[in-house]
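Subject: The structure I promised you

Hi,

Here is the structure I said I would pass on. Have a look at it first, and then read my notes underneath.

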Amino acid sequence: MNYIIFDLEWNQCSAAQENRIEGLPFEIVEIGAVKLNSNREVISEFSQLIKPQVYREMHYITSKLVHLHIEELESGKPFPEVMKKFLEWCGTDYIFCTWGGLDLTELQRNMRYYKMPDLADGPIKYYDIQKLFSLAYEDGQSRRALEYAIDMMNIRKNIPFHRAFSDAYYTAKIFDTIEDPNVIEKFSFDTYHLPKTRDDEVHIVFSNYDKYISRKFENKSDLLRDKGVMSTVCYKCGRRLKKKVNWYSLNGKHYYAFSGCFRHGIMKSKLRIRKAEGGGVYAVKTDKYITKEVMKEMLRKKDEILEQRRQRNSVEA
Ligand SMILES: [Zn+2]
């Protein structure tokens, strides 16, 4: 299997918000990519400018960030033509890799705008190299700029940043430094297309946690009522677990619950509710085994925040 490491540059509406085209907040103006074989050796390169059809002026943020001028883009080809060439170049047996989690979604939004066939009918598995970099060298939570990562790894900066090809090239350089199998197993899913049915839902077990991506729900209360979403099951032995502490949320977006498996200990479940493309919501749930102390500390923090709110409310009343 090959790795397709790609990067996009995009433009956005430069005038008032009203002129923004529904369904195309960011218009892709460049695609750059490198293809690596399974040994992560570069076997091919792709770089193509795209002639803008929607936003004909360069947004000032884009032109500051990207070293591109609207005049240069006039020499580009229309998006559908470039995209078709890009997919032919990708071949059939590959996995996408990007720096951060935005590019694959924007790519699919642009494809839909031009009524091209969908890339997939469900979530697309890919590598977010920005996340892998954090897991390999930092705390797993931080998200660094690409140039920061290149500096940290002492990689030679022989071409300028912030063009699609160069950023894909540098992302490949970072990917090449990551060897730890516990990091390499942590692929991501792009959720532009959600699982269509309960049977299509994503269940993945990693070495130290598991991840679940639900299908789409009309609204949050439907989602929170769904038994499949809200149940807690041990990802090590498959037992349905009894909750020690039922789901609670401090911000209405992230929910936590604690359950006990008599063989494996205390499992923390975290449920994130996200907006689905085109309306509705879906859930991303992760489970992880933790110590009793970690659970106690989380519950202490929760009680502290709830108590602060109670006091604030009673003062306001
Ligand atoms: Zn268990």
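β7 and β8 make a hairpin, with four residues between them. The two strands, β7 at residues 202–205 and β8 at residues 210–213, run antiparallel and are joined by four bridges. (Helices and strands here are DSSP runs numbered from the N terminus, with H or I and at least four residues for a helix, and E and at least two for a strand; two strands pair if DSSP finds at least two bridges between them.) Within that hairpin, H203 sits opposite Y212 of β8.

Before going further, two housekeeping points. This is a predicted model, in which local features need pLDDT of at least 70 and side-chain atom pairs count only at pLDDT 80 or more, while totals for chains, interfaces and linings use all residues. Residues are numbered from 1 along each chain, as its sequence is written.

Back to the sheet. β8 is also joined to strand β12 (residues 281–290) by four bridges, again antiparallel, and I213 stands opposite V284 in β12. Follow the pairing along and you get an open sheet of six antiparallel strands, in the order β7-β8-β12-β11-β10-β9. β7 and β9 (242–249) are the edge strands, each pairing on one side only. From one strand to the next, the twist averages 15 degrees. (For angles, axes are lines fitted to C-alpha atoms, for helices over the stretch in contact, and values run from 0 to 180 degrees between N-to-C directions.)

Further along the sheet, β10 and β11 (residues 265–275) run antiparallel with eight bridges joining them; A257 has S269 in β11 as its bridge partner. Helix α11 (residues 292–316) lies across β9, β10, β11 and β12, at about 45 degrees to β11.

Y256 is a good residue to click on here. Its place is in β10, residues 254–261. Is Y256 buried or exposed? Neither quite: Y256 counts as partly exposed because 18 other C-beta atoms lie within 10 Å. (The rule is that 20 or more other C-beta atoms within 10 Å of a residue's own make it buried, 12 or fewer make it exposed, and anything in between is partly exposed, with C-beta atoms placed from the backbone.) Beyond its neighbours within four places in sequence, Y256 is in contact with W247, Y248, K268, S269, K270 and M298, where contact means C-beta atoms, placed from the backbone, within 7 Å. K268 is twelve residues from Y256 along the chain, and their C-alpha atoms are 7.1 Å apart.

Now for the whole chain. The domain assignment gives domain 1 (2–184) and domain 2 (198–313), with bounds that come from an automatic or database assignment. Their centres, taken over C-alpha atoms, are 32 Å apart. In total there are eleven helices and twelve strands, and the C-alpha atoms fill a box of roughly 60 × 50 × 40 Å along the principal axes. Of the 317 residues, 30% count as buried. Among contacts with a separation of 6 or more, 62% are between residues 24 or more positions apart.

The helix I would look at next is α7 (residues 164–177). Its 14 residues reach 21 Å from first C-alpha to last, close to the 20 Å expected at 1.5 Å a residue; the expected span is 1.5 Å times one less than the number of residues. Eleven of the 14 residues are buried, so α7 is largely enclosed by the rest of the structure. The cover over those buried residues includes β1 (2–12), β2 (26–36), β3 (42–49), β4 (94–98), α5 (129–137) and α6 (146–152).

On to the nonpolar cores, meaning sets of buried Ala, Val, Leu, Ile, Met, Phe, Trp, Tyr and Cys residues joined through C-beta atoms within 7 Å. The largest has 40 residues, and I5, I28, C97, I129 and A168 have the most contacts inside it. α7 supplies the largest share of this core, eight residues. Apart from it lies another core of 19 residues, including L223, V229, C261 and Y282.

Last one: L107, in helix α4 (residues 103–113). L107 is buried because 24 other C-beta atoms lie within 10 Å. Leaving out neighbours within four places in sequence, L107 is in contact with L8 and I28.

Cheers

Key: Two residues are in contact if their C-beta atoms, placed from the backbone, lie within 7 Å.
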